[in-house]
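Let's take a walk through this fold together, strand by strand and loop by loop. Have the model open and rotate along as you read.

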Amino acid sequence: AGVGWHPDSAPAGSEGNVVISGHQLLGDAAFAPLALGDVVAGQEVLLTDSEGRTFVYQVTAVSEPLPISDASSEELALAAQYTAQSSAPELTLITGWPVDTTTHRIFVTAEPVAGE
């Protein structure tokens with residue numbers, strides 16, 4: 001379907017960084033709204049795991065596009081930080097940019113909504 005969980009990241013709803021990548025161009029282009037700039041801080045993201053449980057996260061930040069090739073060492077380090085594990089529960093969504101090609105990556109970070 002064009003969206004996949006990184007198996008080296010935390011499971012949905014648990015402590016740690018849940019990392020999910022999705023296509024903005026291919027397949028069902030589920031992450032096209034990220035590449036189009038339609039996802040902003042404060043919005044909610046619903047994440048459903050393989051057992052049908054739904055977890056609610058709130059977007060905290062959307063990165064500037066980071067180049068895939070010819071990235072500086074600083075840009076590579078920043079991209080690595082987005083996918084690094086943490087002790088705090090968080091969600092990171094990754095997609096290509098711009099919407100009609102893939103020369104860069106965009107990272108969206110989100111935190112669980114309290115009480116969910």
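Contact here means heavy atoms within 4.5 Å. With that in hand, and bearing in mind that this is a predicted model, start at Ser9. Ser9 sits in the loop between β1 (3-5) and β2. Once neighbours within four places in sequence are set aside, Ser9 touches Asn17, Val18, Val19 and Gln85. Is Ser9 buried or exposed? Ser9 counts as buried because its relative accessible area is 8%, and the cut-off for buried is under 20%. Its side chain has two polar contacts to look at. One goes to the side chain of Trp5, at 3.0 Å. In the other, the side chain of Ser9 reaches the backbone nitrogen of Val19 at 3.1 Å.

Val19 is a handy stepping stone to the next stop. Val19 stands opposite Thr92 in β6, and β2 and β6 pair in the parallel sense over five bridges. Now carry on across the sheet from Thr92, whose bridge partner in β7 is Thr109. Here the sense is antiparallel, with seven bridges joining β6 to β7. So β6 pairs with β2 in the parallel sense and with β7 in the antiparallel sense. How much of β6 is covered? Mostly covered is the verdict: six of its eight residues are buried.

Thr95 is a good place to pause in this strand, β6, which spans residues 90-97. Thr95 is buried because its relative accessible area is 2%, against a cut-off of under 20%. What lies 2.7 Å from a polar atom of the Thr95 side chain? The backbone oxygen of Gly22 does. Beyond its neighbours within four places in sequence, Thr95 is in contact with a list of residues that includes Gly22, His23, Gln24, Phe31 and Leu34. The same list also holds Ala35, His104, Arg105 and Ile106.

Leave β6 at its far end and you come to the turn into β7. A hairpin of six residues links β6 to β7. Pro98 belongs to the loop between these two strands, and the peptide bond joining Trp97 and Pro98 is cis, with omega about -5 degrees.

Follow β7 (residues 104-112) onward and another partner turns up: β4, paired with β7 in the antiparallel sense over five bridges. To find the register, look for Gln58, whose bridge partner in β7 is Glu111. β4 (residues 54-62) also runs antiparallel to β3 (residues 44-48), again with five bridges. Here Leu46 has Val56 as its bridge partner in β4. The hairpin of β3 and β4 has five residues between the strands, and Gly52 in that hairpin takes a positive phi near 90 degrees.

Next comes some empty space. Rolling a probe the size of a water molecule over the atoms shows where empty space is left. The largest pocket holds about 160 Å³. Which residues line the largest pocket? They are Trp5, Pro11, Ala12, Val18, Ile20, Leu47, Thr48, Asp49, Ser50 and Arg53. The elements giving two or more residues to this lining are β2 (17-22) and β3. By character, the lining residues split into six nonpolar, two polar and two charged. Trp5, met earlier through its polar contact with Ser9, is one of the lining residues.

One of the lining residues, Ala12, also gives a sense of distance across the model. Ala80, which lies in helix α2, is 68 residues from Ala12 along the chain, and their C-alpha atoms are separated by 20 Å. Ala80 counts as partly exposed because its relative accessibility is 44%, which falls between the 20% and 50% cut-offs.

Finish in the loop between β5 (66-67) and α2 (73-83), where Ser69 has its place. Ser69 counts as exposed because its relative accessibility is 51%, and the cut-off for exposed is over 50%. Ser69 and His104 are 35 residues apart in sequence, yet 8.0 Å apart in space, C-alpha to C-alpha. Asp70 lies in the loop between β5 and α2 as well. Asp70 is exposed because its relative accessible area is 79%. Its backbone deserves a look too: phi of Asp70 is near 60 degrees, a positive value in a residue other than glycine.

Methods:
Residues numbered from 1 in each chain as written. Predicted model: local features only at pLDDT ≥ 70, side-chain atom pairs only at ≥ 80, totals over all residues. Heavy atoms only, no water. Helix = DSSP H or I, 4+ residues; strand = E, 2+ residues; numbered from the N terminus. Buried < 20%, exposed > 50% of the residue type's maximum accessible area, 1.4 Å probe, protein only. Polar contact = N/O pair within 3.5 Å; in protein donor to acceptor, adjacent residues only side chain to side chain. Pairing = 2+ DSSP bridges. 1 Å grid on protein atoms, 1.4 Å probe; cavity = no way out; pocket = protein on both sides within 12 Å on 5 of 7 lines; lining within 4 Å. Points joined across faces, edges and corners; volume = space filled by probe spheres on them. Nonpolar A, V, L, I, M, F, W, Y, C, P; charged D, E, K, R; others polar.
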